[in-house]
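Please find below a short note on the charged side-chain pairs of the model. Kindly read it alongside the sequence and the structure.

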Amino acid sequence: MIEISIRDINTDNLARVKRIRIKENQENFIETVDECLAEAEIHKEWCPVSIYAGEGIVGFAMYGAFGKNPDVWIDRIIIDASHQGKGYGTAAMQQLMEIVMDKYSVRTVYLSFTSGNHVAQKIYEKLGFRFTEEYDPAGELIYRYEATAENI
């Protein structure tokens, strides 16, 4: 089993988090860590976090809840290029889903991703996310996860 932990970003790990990079062929799929952190500074609803394997940082994610009856989103997840293909993304998503459902007391989680990002799509569908037949303002596919007695 893959040992992953989700941790807050702080002064001790910020510089290492900012060094996270994706593969060149993924640049059209997601914003950079710096762009995500800048967005989280403006929109305080976002919670940026680091993804660890043991004591090493392998990725970054960002989640949040918006609206009067908040929709909960896992909006960004980035696994560093040197750590992709090791199962860290799937393990991190599983933990993030548990974290956001517990933190916001919800059973529904949303995410969106760029059409053509087949690796992400495969992971999300394997975890139980389904296409809502909707697109966000940037044209990304919106997926929803509904926790049920069978998939918890």
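The points that follow concern the salt bridges and the exposure of the residues that form them.

1. The model is a predicted one. Five salt bridges are present in the structure; the points below take up some of them.

2. Arginine 7 and glutamate 55 form a salt bridge through their side chains, with an N to O distance of 3.0 Å. Arginine 7 belongs to strand β1 (residues 4–8), whereas glutamate 55 sits in the loop between β2 (46–53) and β3 (56–66), so this pair ties together parts that are 48 residues apart in sequence. As to exposure, arginine 7 is partly exposed at a relative accessible area of 26%, while glutamate 55 is exposed at 62% relative accessibility.

3. A salt bridge also joins lysine 44 to glutamate 41, and their closest N and O atoms are 3.5 Å apart. Lysine 44 has a relative accessible area of 60% and is exposed. Glutamate 41 is likewise exposed, with a relative accessible area of 56%.

4. Arginine 76 and aspartate 75 meet through their side chains in a salt bridge of 2.8 Å, N to O. Is this pair made of buried or exposed residues? Arginine 76 has a relative accessible area of 7%, which is under the 20% limit, and therefore counts as buried. Aspartate 75, at 17% relative accessibility, is buried by the same limit.

5. The pair in point 4 belongs to a network of salt bridges that links Glu39, Asp75 and Arg76. Please consider Glu39 together with Asp75 and Arg76 when viewing this part of the model.

Technical notes: Residues are numbered from 1 along each chain as its sequence is written. This is a predicted model: local features need pLDDT of at least 70, side-chain atom pairs count only at pLDDT 80 or more; totals for chains, interfaces and linings use all residues. Side-chain values use heavy atoms; hydrogens and water are left out. A salt bridge is a side-chain nitrogen of Lys or Arg within 4 Å of a carboxyl oxygen of Asp or Glu. Helices (H or I, at least four residues) and strands (E, at least two) are DSSP runs, numbered from the N terminus. Buried means under 20% relative accessible area, exposed over 50%, partly exposed in between (1.4 Å probe, protein chains only).
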